[in-house]
Amino acid sequence: MSTIGIIGAGAIGSAFAKALANQGIAAVIANSRGAESLADLVRELGPSIKAGTREEAAAQDIVLVAVNWSRLPAALDGLPDFGGRIVIDANNPIEAPLFKPAELSGRLSSEAFTDLVPGARVVKAFNHLQPHLVSGDPKAEGGRRVLFYSGDDARAKAQVGGLIEQLGFFGIDLGALSVGGSLVQFPGGPLPGLNLVKFG
């Protein structure tokens with residue numbers, strides 16, 4: 001089974017960690033303030049989630065990154081080449097309190113993100129749902145909550161799709177980053193914020 005790391009312990013990173021913990025899936029979570037600052041969070045989440053350093057989280061087989069957009073370069077700076085490992089881009093090019101879209105010069109946010117994680121096979125996922133829906137029961141509405149994902153590497157997408165299924169969600173592959181990244185990008189894409197459920 002693939003090991004999992006999480007860089008960023010804000011709303012999305014913590015929600016993803018809780019979704020993993022709900023299924024007893026182990027992960028290492030890190031933030032910029034150090035493992036000690038995560039003591040309360042990991043105590044709440046349970047024994048499958050451990051606090052670690054940024055380097056420890058980044059060394060796992062699958063690494064989810066969820067950091068305020070303006071802090072992404074610093075959060076990822078200096079990490080070794082990812083060497084073909086999977087990095088999940090769960091970021092949105094916007095942040096509180098102003099919610100002003102970042103200047104991307106016509107690029108998709110996932111394209112800009114990919115530049116920050118050399119050697120990674122990037123999959124866009126977990127950014128389009130509100131955090132409480134990521135951490136909540138994916139079958140609460142009687143079906144299975146939908147999670148979209150996209151990427152340019154078929155095997156990486158298959159692994160992330162398998163993880164989504166393991167968490168109890170219904171995964172839908174939106175294709176390449178150039179297509180799926182545009183559909184789920186917030187702001188601008190048509191899919192963020194939709195709570196869709198697959199029945200049957």
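What follows is a conversation between a colleague and a modeller about the structure above.

Colleague: What kind of model is this, and from which number are residues counted along each chain?

Modeller: This is a predicted model, in which local features need pLDDT of at least 70 and side-chain atom pairs count only at pLDDT 80 or more, while totals for chains, interfaces and linings use all residues. Side-chain values use heavy atoms, with hydrogens and water left out, and residues are numbered along each chain, as its sequence is written, from 1.

Colleague: Which helix gives the largest share of the largest nonpolar core?

Modeller: A nonpolar core is a set of buried Ala, Val, Leu, Ile, Met, Phe, Trp, Tyr and Cys residues joined through side-chain atoms within 4.5 Å, where buried means under 20% relative accessible area, exposed over 50% and partly exposed in between, for a 1.4 Å probe and protein chains only. The largest such core has 37 residues, and F16, L20, I49, F126 and L167 have the most contacts inside it. Helices (DSSP runs of H or I, at least four residues) and strands (runs of E, at least two) are numbered from the N terminus, and the largest share of this core, 7 residues, comes from helix α1, residues 11–22.

Colleague: Which residues does F16 touch, not counting residues up to four places away in sequence?

Modeller: Contact means heavy atoms within 4.5 Å. With residues up to four places away left out, F16 touches I4, I6, L64, F126, V134, L163 and L167.

Colleague: Is F126 buried or exposed?

Modeller: F126 is found in the loop between β6 and α6 (131–135), and F126 has a positive phi of about 70° although it is not a glycine. Because its relative accessibility is 1%, F126 counts as buried.

Colleague: Why do the buried residues of α8 line one face of the helix?

Modeller: In helix α8, residues 177–184, the buried residues are L177, G180, G181 and V184. They pack against α5 (109–115), β6 (121–125) and β7 (144–151). The arc is that of the directions from the helix axis to the C-beta atoms, and the buried residues of α8 line one face because, seen down the axis, they fall within an arc of 100°.

Colleague: How many residues line the largest pocket?

Modeller: On a 1 Å grid over the protein atoms alone, a pocket is an open set of points with protein on both sides within 12 Å along at least five of seven lines, and lining residues have an atom within 4 Å of a point. About 770 Å³ of space lies in the largest pocket, and by class its lining has 18 nonpolar, 12 polar and 4 charged residues. G10, A11, A66, V67 and N68 lie nearest the centre of this pocket, and the residues that line it number 34.

Colleague: What separation lies between the C-alpha atoms of K100 and P187?

Modeller: K100 lies in the loop between β5 (86–89) and α5, and K100 is exposed, with a relative accessible area of 65%. P187 lies in the loop between α8 and β9 (197–198), and the peptide bond from F186 to P187 is cis, with omega near 0°. Although K100 and P187 are 87 residues apart along the chain, their C-alpha atoms are separated by 9.2 Å.

Colleague: Is S105 buried or exposed?

Modeller: S105 has its place in the loop between β5 and α5, and its phi is near 55°, a positive value in a residue other than glycine. Because its relative accessibility is 63%, S105 counts as exposed.

Conventions:
On a 1 Å grid over the protein atoms alone, a cavity is a set of points where a 1.4 Å probe fits but cannot get out, and a pocket is an open set with protein on both sides within 12 Å along at least five of seven lines; lining residues have an atom within 4 Å of a point. Grid points are joined across faces, edges and corners, and a volume is the space filled by probe spheres set on the points. Ala, Val, Leu, Ile, Met, Phe, Trp, Tyr, Cys and Pro count as nonpolar, Asp, Glu, Lys and Arg as charged, and the others, Gly among them, as polar.
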